[in-house]
Amino acid sequence: MTGCGPRRRSDPVGTERVTRPVDAVQRYVAQYEAFAANGGGAAPAWLRELRAAGIARFADAGFPTTRQEEWRFTSVAPLIEHAFVPAPAGAGPGPVAARGETLRMVFVNGKFAPDRSSLTGLPAGVRVGSLAALLAGASGAAAFVERHLGRGAVPADNVFAALNTAFVADGAVIHLTRGAVLAEPLHVIFASAPGGTPAVSHPRLLLVADEQARATVVEHYVALEDAPYWTNAVTEVVVGDGADVEVVRIQEERLGAYHVASTHTRQGRDSALRLHPLVLGAGWARHDITNVLDGPGAELLLNGLYLLGGRQHADHHTVIDHAQPDGRSHEFMNGVLDGSARGVFNGRIIVRPGAQRTDSKQTNHNLVLSEEARADSQPQLEIYADDVKCTHGATLGPLDPKELFYLQSRGLAPEEARALLTYGFGAEILERLRHPGLREGLDGTLRARLAAGHVTEPAPLH
Amino acid sequence: MTPAARTPMLEISDLHASVEGKEILRGIDLTVNAGEVHAIMGPNGSGKSTLAQVLAGHPAYAVTGGSIRYQGKDLLELDPEERAREGVFLAFQYPVAIRGITNAYFLRSALNAVRKHRGQPELDPLEFLDLLAEKLKSIDSDDGLMNRPVNDGFSGGEKKRNEILQMAVLEPRLAILDETDSGLDIDALRTVAGAVDKLRRPDNATVVVTHYQRILNYITPDFVHVLSAGRIVLSGGKELALELEARGYDWVRAEAAV
């Protein structure tokens with residue numbers, strides 16, 4: 001693979017230039033202090049406290065190491081090694097990547113870019129705004145943010161989420177009031193424009209769907225420049241009783257990107273959440289997803305795909321926490337790995353005492369297309385209730401010769417058969433997207449990326 | 001007179017084949033003409049399925065001797081996909097599931113590969129749907145399986161029905177049905193076998209590989225051959241199948257051993 005891909009995890013880090021982890025931590029503490037001294041966007045007291053708690057937690061815990069079970073397969077050495085500076089506030093060059101989005105909020109380096117956004121025609125009951133504007137605006141809006149931001153399901157031990165919180169100043173806030181319906185998807189585009197130096201931004205998304213609301217939201221990470229950068233994103237989703245929410249998360253960063261993200265969801269009674277984490281880019285990525293089914297009868301679909309080639313590395317740690325009875329969760333994670341890429345999946349399912357009649361299924365299928373590519377898969381079931389159904393299964397390996405022969409016996413050339421089977425691995429996941437327009441758009445991307453039965457590099461900048 | 005009428009569809013001469021170094025077929029001779037239905041019967045392990053797989057070109061089976069001519073050409077020279085495009089079709093005993101690919105998409109890909117080979121224009125999705133509707137009707141089937149991934153989660157009957165639908169769409173010259181009756185209850189068998197019978201034409205030929213006679217109640221064979229230890233040890237008309245049903249295979253083996 002060409003381009004400025006991040007250092008491989010197995011490379012000896014720091015042979016020429018040693019950055020001690022403690023110094024790297026200090027770098028971000030200093031950035032925080034400068035940010036706080038600068039007024040931090042003239043934040044209200046509760047937000048200043050939230051940030052202070054975030055940096056304190058980060059400074060206390062420091063960067064994770066591969067000696068920690070949760071980080072066994074993913075070294076954060078590249079994050080320590082690069083001296084990332086705060087991403088510039090100015091908007092980067094060029095238009096923002098688009099698949100014909102009509103409703104869109106665009107953020108550049110985590111900051112809202114109203115001139116690139118389009119929010120006309122939002123249906124009644126759908127309130128959308130930038131965090132910075134809401135905080136500065138009417139007291140009702142600020143109170144809403146205060147009630148939800150960082151209050152939900154963000155685990156205390158997630159140091160990167162804590163670091164994001166330390167710098168939280170802007171971001172997307174989407175509030176669907178009771179019964180509101182957003183028929184067309186709302187796109188939230190987080191674009192990075194590092195401006196020539198390795199830079200870090202901390203994008204934030206808060207989505208709150210009140211009772212019986214229904215929406216599809218697309219969370220899309222792209223870049224406006226080819227330069228190393230670090231995206232440290234946090235998304236919080238609150239799904240109220242009977243609400244039905246779909247979140248399509250498209251991580252389409254450049255190969256020079258380090259992408260750290262966490263998604264935290266909490267669901268109420270009889271709610272439905274479909275979460276589709278799709279990894280199409282970034283040289284190095286880590287995504288922690290925690291889902292709490294916090295009301296009886298909640299239903300979760302966690303349906304993700306990672307396409308990795310070259311030296312790409314992607315690590316998913318997911319937690320599905322059945323805290324109430326009669327919940328259903330289906331987790332499908334497919335990986336297609338080529339080149340010397342590495343995919344890591346750790347899927348933990350917790351069934352709390354009293355979460356009776358939980359029905360949980362988890363699969364992680366990895367298609368490994370080259371000798372050097374590697375996949376790791378670890379299911380973890382923790383079941384504390386007795387009347388539950390939990391199944392899990394993982395596979396990894398090359399294309400099945402039986403499948404290849406079957407397709408050949410129907411007239412397809414071996415290369416056509418390989419391409420079709422590889423495409424099917426991704427198509428199986430996209431098939432579960434509810435919105436047909438999104439599904440079709442992503443299907444085109446999938447075909448392009450898996451043409452000829454191999455994972456090709458992310459497309460050049462749009 | 002057309003060449004098809006002069007040349008046998010399939011001529012197998014002294015065919016030897018082995019898998020993982022073990023010889024399974026030990027000198028098969030068989031000629032199938034257009035318009036004919038041949039049943040290949042025999043006990044488990046006699047080599048029936050091996051013969052079917054060798055005809056389709058499965059790479060795990062090595063042909064160690066003899067020849068197969070198909071429409072006058074050397075079949076063994078052709079890759080599996082070339083055989084398919086030339087009109088050879090194997091209905092699998094265990095159809096394979098293909099994740100993420102819908103039946104309709106798969107069928108169109110396969111049909112277009114065959115059409116391209118024949119110099120016919122490829123069909124776009126709408127043209128294909130028209131053809132599919134017609135084919136479904138021709139075998140008394142519906143489109144309930146079309147938007148599901150190929151064979152994924154299909155019942156045994158659905159899988160076999162799906163094989164026959166592929167056969168209807170691809171219009172092979174030579175169809176080989178490998179234990180299509182296995183795992184089917186009597187209703188599913190009637191449906192599937194009835195569909196095969198509807199696809200019989202004077203210019204195509206069918207080889208029915210089966211352990212049991214019952215499928216032959218619906219697809220009447222012109223010839224019945226009994227395979228034992230890798231050779232055809234007995235051939236006859238359709239009444240031979242009934243005799244095998246009544247008497248089992250032991251007496252054939254006993255006679256063959258003499």
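Is the crossing of α5(B) and α6(B) left-handed or right-handed? In this predicted model, the crossing of these two helices is right-handed. Helix α5 covers residues 125-138 of chain B, and helix α6 covers residues 156-170 of chain B. Their axes come within 9 Å and cross at roughly 120°. Angles of 65 to 115 degrees count as roughly perpendicular; α5(B) and α6(B) are therefore classed as oblique to each other. On the side of α5(B), the residues that meet the partner helix are Leu132(B), Lys135(B), Leu136(B) and Ser138(B). On the side of α6(B), they are Leu165(B), Ala168(B) and Val169(B). By class, the residues of this contact are five nonpolar, one polar and one charged.

Helix α5(B) also packs against helix α4 of chain B, residues 103-117. Here the angle is about 100°, and the axes are 11 Å apart. The helices α4(B) and α5(B) are therefore roughly perpendicular to each other. From α4(B), the contact takes Ala104(B), Leu107(B), Arg108(B) and Leu111(B). From α5(B), it takes Pro125(B), Phe128(B) and Leu132(B). Six of these residues are nonpolar, none is polar and one is charged. Leu132(B) thus appears in the contact with α4(B) and also in the contact with α6(B).

The next topic is burial. Helix α2 of chain B, residues 48-56, is mostly covered, with nine of its nine residues buried. They include nonpolar residues such as Leu51(B) and Val54(B), but Lys48(B), a charged residue, is buried as well. Just after this helix, Gly57(B) takes a positive phi of about 95°.

Chain A has a comparable case in its helix α6, residues 159-166. Eight of its eight residues are buried, so the helix is largely enclosed by the rest of the structure. Among the buried residues of α6(A) are Val159(A), Phe160(A), Leu163(A) and Asn164(A). What lies over them? The cover of the buried residues of α6(A) includes the helices α1 (21-37) and α2 (45-61) of chain A. It also includes the strands β8 (204-209), β10 (229-239) and β12 (257-267) of chain A.

Thr197(A) gives a contrast. This residue lies in the loop between β6 (181-192) and β7 (199-201) of chain A. A residue needs 20 or more other C-beta atoms within 10 Å to count as buried; Thr197(A) has 14, so it is partly exposed. Thr197(A) and Arg254(A) are 57 residues apart in sequence, and their C-alpha atoms are 15 Å apart in space.

In soluble globular proteins, nonpolar side chains tend to be buried together. In this model, the largest nonpolar core has 201 residues. The members that touch the most others are Ala191(A), Ala209(A), Phe89(B) and Ile176(B). Helix α8 of chain A, residues 414-430, gives the most to this core, with eight residues.

Helix α8(A) also matters for where the two chains meet. How many residues of each chain are in contact with the other chain? The contact joins 18 residues of chain A and 21 residues of chain B. On the side of chain A, α7 (401-408) and α8 each supply at least two residues. The largest share of that side, seven residues, comes from α8(A). By class, the side of chain A that touches chain B has eight nonpolar, five polar and five charged residues.

Terms used:
Residues numbered from 1 in each chain as written. Chains lettered and ligands numbered in written order. Predicted model: local features only at pLDDT ≥ 70, side-chain atom pairs only at ≥ 80, totals over all residues. Axes fitted to C-alpha atoms, helices over the stretch in contact; angles between N-to-C directions. Helix = DSSP H or I, 4+ residues; strand = E, 2+ residues; numbered from the N terminus. Parallel < 35°, antiparallel > 145°, perpendicular 65-115°, else oblique. Left-handed = near helix turned anticlockwise from the far one by under 90°. Contact = placed C-beta atoms within 7 Å. Core = buried A, V, L, I, M, F, W, Y, C linked by C-beta atoms within 7 Å. Buried ≥ 20, exposed ≤ 12 C-beta atoms within 10 Å, placed from the backbone.
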